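This briefing goes through one protein model by topic. Keep the sequence and the 3D view open while reading.

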Amino acid sequence: ATVFTALILLVPGRVQGVFYRELFKGRILLEQRREQEALDHFRNFLRDVRARPWLKRLIWLSWSVYTPNVEAMALNNIGAANLALGRLGESEGALGEALTLDEKYPLPHFNLAVLQEMRGNRMLAEAELEAAAKLGYVGGTVDTIVNHAQALLARAEGRGVKAT
């Protein structure tokens, strides 16, 4: 019974790890500040999810605090990578698309706040930060823990990406 219970608890993460590997690899590379490489993985993942929409349902095999939409998650990561590369227009497009898919997803609002600050639009940046906070992301301790946990999951599931 213990072995069976362990298998039931471990299989969902393994399944997601196989089908979401490109997303996880992209997250690792983004953490390592290898944005261009990360973009390739995020785009591959997005292409796969759009070609096989049933992959979106696998998000339910684990937890996601900020969005249940894995496509929106990939687009937010694409936006973040482009933001780090200084491609503000591409970033804004991806973040806007993420919000179109899930208007209650706070992370694109946070990234849009960074983008607006980079453009020197302090009022728009503050409005985006406020929107992120209203949706539950304030960048506090809980958000830091969640981000760290998601990074650890990406590391565990994105095997094959070496640190620089």
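**Overall make-up**

The protein has eight helices and zero strands. The model is a predicted one. Along the sequence the pattern reads α-α-α-α-α-α-α-α. The points below take the whole chain, then two helix pairs, then three single residues.

**Whole chain**

- Of the 164 residues in the protein, 43% are buried.
- The protein exposes about 9100 Å², and carbon and sulfur atoms supply 60% of that area.
- Among the contacts with a separation of 6 or more, 65% are between residues 24 or more positions apart.

**Helix 3 and helix 4**

- Helix 3 covers residues 35–51 and helix 4 covers residues 70–84; the two pack at an angle of about 160 degrees, and their axes are 9 Å apart.
- Helix 3 is therefore roughly antiparallel to helix 4, because an angle over 145 degrees counts as roughly antiparallel.
- The crossing of helix 3 with helix 4 is left-handed.
- On the helix 3 side, the contact is made by Glu35, Leu39, Phe42, Arg43, Phe45, Leu46, Val49 and Arg50.
- On the helix 4 side, the contact is made by Val70, Glu71, Ala74, Leu75, Asn77, Ile78, Ala81, Asn82 and Ala84.
- By class, the residues of this contact between helix 3 and helix 4 are 11 nonpolar, two polar and four charged.

**Helix 6 and helix 7**

- Helix 6 (residues 106–118) packs with helix 7 (residues 122–134) at an angle of about 165 degrees, with the axes 8 Å apart.
- That angle makes helix 6 roughly antiparallel to helix 7.
- Helix 6 and helix 7 cross in a left-handed sense.
- Helix 6 contributes Pro106, His109, Phe110, Leu112, Ala113, Gln116 and Glu117 to the contact.
- Helix 7 contributes Arg122, Leu124, Ala125, Glu128, Leu129, Ala131 and Ala132.
- The contact of helix 6 with helix 7 holds nine nonpolar, two polar and three charged residues.

**Asn69, in a loop**

- Asn69 lies in the loop between helix 3 and helix 4.
- Asn69 counts as buried because its relative accessibility is 17%, and the cut-off for buried is under 20%.
- Apart from neighbours within four places in sequence, Asn69 is in contact with Leu101 and Asp102.

**Ala94, in helix 5**

- Ala94 sits in helix 5, which spans residues 88–101.
- With a relative accessibility of 7%, Ala94 is counted as buried.
- Not counting residues up to four places away in sequence, Ala94 touches Leu75, Ile78 and Gly79. Leu75 and Ile78 are also among the helix 4 residues that make the contact with helix 3.
- Ala94 and Ala80 are 14 residues apart in sequence, and their C-alpha atoms are 8.8 Å apart in space.

**Ala127, in helix 7**

- Ala127 is placed in helix 7.
- The relative accessible area of Ala127 is 43%, so this residue is partly exposed.
- From C-alpha to C-alpha, Ala127 and His109 are 8.9 Å apart in space, with their positions 18 residues apart in sequence counted as the separation. His109 is one of the helix 6 residues in the contact with helix 7.

Note on methods:
Residues numbered from 1 in each chain as written. Predicted model: local features only at pLDDT ≥ 70, side-chain atom pairs only at ≥ 80, totals over all residues. Heavy atoms only, no water. Axes fitted to C-alpha atoms, helices over the stretch in contact; angles between N-to-C directions. Parallel < 35°, antiparallel > 145°, perpendicular 65-115°, else oblique. Left-handed = near helix turned anticlockwise from the far one by under 90°. Contact = heavy atoms within 4.5 Å. Nonpolar A, V, L, I, M, F, W, Y, C, P; charged D, E, K, R; others polar. Buried < 20%, exposed > 50% of the residue type's maximum accessible area, 1.4 Å probe, protein only. Areas by Shrake-Rupley, 256 points an atom, 1.4 Å probe, with all protein chains shown as cover.
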